[in-house]
Protein chains: 2
Amino acid sequence: MSGADEFAVIARHFAPLAASAGARCLADDAALLDAGPWVVTTDVVVEGVHFLPDDPIGRIAQKALRVNLSDLAAKGAAPAHYLLALQWPAGRDAGEIAAFAAGLAHDQGVFNVTLLGGDTTATPGPLAVTITAFGRPHGARTPARSDATPGDDVWVTGTIGDGVLGLAVRQGAYAEPPAARDYLVDRYQIPGARVAFAAAISRYAHAAMDVSDGLLGDAARLAAASAARLVIDPAAIPLSSAARGWLDGQPDRYAGLGRLACGGDDYEILFTAAPGVRAALAAAADDLGLPLARIGRVEAGAGVEAGGLPVGAHRHRLGK
Amino acid sequence: MSGADEFAVIARHFAPLAASAGARCLADDAALLDAGPWVVTTDVVVEGVHFLPDDPIGRIAQKALRVNLSDLAAKGAAPAHYLLALQWPAGRDAGEIAAFAAGLAHDQGVFNVTLLGGDTTATPGPLAVTITAFGRPHGARTPARSDATPGDDVWVTGTIGDGVLGLAVRQGAYAEPPAARDYLVDRYQIPGARVAFAAAISRYAHAAMDVSDGLLGDAARLAAASAARLVIDPAAIPLSSAARGWLDGQPDRYAGLGRLACGGDDYEILFTAAPGVRAALAAAADDLGLPLARIGRVEAGAGVEAGGLPVGAHRHRLGK
């Protein structure tokens with residue numbers, strides 16, 4: 001889009017999303033952020049890497065926002081504001097920007113977050129969305145990856161492996177039963193972002209992190225940061241009924257489980273906590289209707305042991 | 001780069017830039033930002049749009065950072081931290097990342113700013129660098145674009161038009177005298193970012209904004225935001241000796257001045273202030289060795305009147 005179009009797009013589609021006074025109606029060079037402290041994170045999603053070119057544009061916007069809100073939740077913070085830096089392909093219909101903004105507007109309501117500012121530019125390359133999200137810590141602690149202690153339990157929210165299966169469905173690599181299709185594609189295109197569980201993370205978690213690059217690879221990073229060993233029970237890794245259905249059809253069930261446990265795009269929270277808070281955690285998750293699984297324990301040592309499953313360290317991403 | 005490479009790159013090249021405790025050595029999902037208030041801004045620079053593919057990679061990093069610091073300066077804020085979201089082309093030598101990081105390291109020293117966090121991803125598209133910068137306001141006010149008052153003087157820092165000429169030099173469109181070449185190319189590739197003048201902006205400016213899309217187009221945006229009229233004296237627009245040399249060689253001097261006044265990539269500060277602070281502003285600029293020009297006045301009304309020069313509203317950018 002040209003310079004004049006850029007200003008029109010901002011005024012028409014994005015300014016209505018900028019409700020806070022600090023955003024200055026997106027008509028200034030910069031925005032004002034209230035007194036903190038703040039938890040801040042930034043993540044880029046790129047067409048052909050993190051989403052498919054023909055994913056619905058409103059869902060691309062939601063995914064770009066939610067991958068950041070997921071990081072905030074893993075640090076025990078409630079989302080408040082975000083900045084949007086949008087690279088819009090020169091050849092892509094600018095008419096789609098309305099649906100892109102509508103996706104953001106929807107999620108602003110879901111997560112109680114407002115647009116604070118941003119930048120919009122044309123690009124000769126793929127669509128790319130960089131979001132920087134600001135969260136307010138629920139408590140005094142923002143759990144780090146490095147806070148795991150031997151003796152801790154290891155927990156994960158939700159279910160694992162739906163994202164990588166949703167991508168497989170979209171790529172035609174999995175002839176899924178019709179009932180599972182929408183569920184898996186939704187999980188790939190619109191991550192859950194466990195924002196509602198952030199208060200419990202703040203209160204009970206020792207170490208915590210967002211699971212975005214595969215459960216076992218991310219567990220290895222948490223173990224390394226904490227200079228500890230994570231022992232994970234493969235049978236305890238939580239699977240949706242759709243993922244269990246896929247797994248039941250695999251000739252090598254063990255390799256299939258490895259694929260789910262090393263695939264990316266889960267956007268769940270992996271955390272450790274003292275055994276004494278098991279009941280409190282279960283109650284907090286139950287109140288939210290959120291599945292929560294105790295999948296292992298922290299020991300002295302290094303690395304991840306998961307019943308012999310390969311501990312993948314790479315993202316299973318498009319184009320990689 | 002693959003996932004494993006990404007972590008190695010962050011640990012080797014970027015973690016040394018992350019000096020503050022809140023950055024958590026870039027080994028966490030998110031960073032912590034001290035109590036504010038903060039001025040925050042985000043800008044993307046894209047290969048083929050905001051810089052040339054063969055611009056030196058360290059200078060690309062510097063430009064990405066400085067265009068953001070320029071926004072902070074225009075709001076009267078001192079830079080403190082930044083987030084880096086890097087889209088690195090799959091086909092570009094990852095060995096260049098060391099020089100990219102060295103460009104950032106250099107400017108961290110110049111501007112007293114540290115890396116707080118970020119994201120690195122491979123892209124099938126062009127190199128793109130999104131930086132989000134955090135500044136601490138020098139004073140109670142962060143001047144908006146909308147704060148101009150009839151009776152104000154209009155001022156601009158530095159010189160205008162060097163950036164667009166530097167781009168012309170790089171594109172072979174201007175057979176400049178050798179003495180001017182490096183100066184103009186430097187001005188295009190490494191914007192000044194008037195960080196040192198931010199305290200004076202905070203103290204004396206009414207309206208203020210970063211000049212990045214052309215002086216007259218940006219003046220029109222300031223006028224619109226302030227619901228006022230800016231009358232600018234074309235003869236008062238400050239030009240470097242290199243730009244004057246170019247202008248002297250133009251068959252149509254008036255059209256040439258219009259091109260300089262509507263070209264982009266100046267990264268100067270346009271601001272308005274009461275006539276009573278003229279001496280104080282001149283002294284503040286003089287102390288810094290910074291050229292400062294009084295180029296007009298604010299009146300009741302609307303729009304920009306600049307002796308009949310066309311008031312461009314479009315960026316003169318690559319690929320547009």
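Which strands of chain A does helix α3 lie across? In this predicted model, helix α3 of chain A spans residues 97-111. The helix lies across β3, β4 and β5 of chain A. Its direction makes about 175° with that of β3(A).

These three strands belong to a sheet that draws on both chains. The sheet is open and has five strands, in the order β4(A)-β3(A)-β5(A)-β2(A)-β1(B). Four of these strands thus carry the letter A, and β1 comes from chain B, because the order reads β4(A)-β3(A)-β5(A)-β2(A)-β1(B). The pairing is mixed. Two strands stand at the edges: β4 (114-123) of chain A and β1 (31-33) of chain B. Each of them has a single partner strand, so one side of each is left without a neighbour in the sheet. From one strand to the next, the twist averages 25°.Within this sheet, β3 (residues 77-89) and β5 (residues 128-137) of chain A run antiparallel. Ten bridges join the two strands. One of the residues involved is Ala77(A), whose bridge partner in β5(A) is Pro137(A).

The relation between the two chains comes next. Chain A can be laid on chain B with an RMSD of 0.0 Å. The operation is a turn of 180°, with a shift of 0.0 Å along the axis. The two copies are thus related as by a two-fold rotation axis. Which residue of chain A comes closest to the rotation axis? That residue is Gly125(A), with its C-alpha at 2.3 Å from the axis.

The copies also meet through the same surface, because 100% of the interface residues of chain A are interface residues in chain B as well. Chain A gives 60 residues to the contact, and chain B gives 60 residues. About 4500 Å² is buried between chain A and chain B. Carbon and sulfur atoms give 55% of this area. Phe7(A), Asp29(A) and Val40(A) supply 13% of the area that chain A buries against chain B. No other three residues supply more.

Polar groups also take part in the interface. Six salt bridges are found across the interface of chain A and chain B. One salt bridge joins the side chains of Asp29(B) and Lys75(A), at 3.3 Å from N to O. Across the interface, 24 residue pairs are in polar contact, with both residues at pLDDT 80 or more. Several elements of chain A build the side that touches chain B. At least two residues each come from α1 (3-14), β1 (31-33), β2 (38-46), β3, β4, β5 and β7 (208-211) of chain A. Which of the elements gives the most to this side of chain A? The answer is β2(A), with eight residues.

Chain A has another open sheet, one of six strands. Its order is β7-β9-β6-β10-β8-β11, and its pairing is mixed. The edges are held by β7 and β11 (303-305) of chain A. Each has a single partner strand, so one side of each is left without a neighbour in the sheet. Neighbouring strands of this sheet are turned by 25° against each other on average, direction ignored.

At one edge, β7(A) is joined to β9 (residues 268-273) of chain A by four bridges. The two strands run antiparallel. Val211(A) stands opposite Glu268(A) in β9(A). Helix α2 (residues 57-74) of chain A packs on the sheet and touches β7 and β9 of chain A. The direction of α2(A) makes about 160° with that of β7(A). Helix α7 (residues 215-226) of chain A also lies across strands of this sheet. Those strands are β6 (153-157), β7, β8 (229-232), β9, β10 (292-299) and β11 of chain A. Helix α7 of chain A runs at about 155° to β7(A).

The backbone holds some less common features. Most residues other than glycine have a negative phi, and most peptide bonds are trans. The peptide bond from Gly36(A) to Pro37(A) is cis, with omega near 5°. Pro37(A) is found in the loop between β1 and β2 of chain A. In chain B, the bond from Gly36(B) to Pro37(B) is likewise cis, with omega near 5°. Pro37(B) has its place in the loop between β1 and β2 (38-46) of chain B. Cys25(A) has a positive phi, near 55°, and is a residue other than glycine. Cys25(A) is found in the loop between α1 and β1 of chain A.

How values were computed: Residues numbered from 1 in each chain as written. Chains lettered and ligands numbered in written order. Predicted model: local features only at pLDDT ≥ 70, side-chain atom pairs only at ≥ 80, totals over all residues. Heavy atoms only, no water. Least-squares fit on C-alpha atoms with pLDDT ≥ 70 in both. Contact = heavy atoms within 4.5 Å. Pairing = 2+ DSSP bridges. Axes fitted to C-alpha atoms, helices over the stretch in contact; angles between N-to-C directions. Buried area = accessible area lost by both parts, 1.4 Å probe. Salt bridge = Lys/Arg side-chain N within 4 Å of Asp/Glu carboxyl O. Polar contact = N/O pair within 3.5 Å; in protein donor to acceptor, adjacent residues only side chain to side chain.
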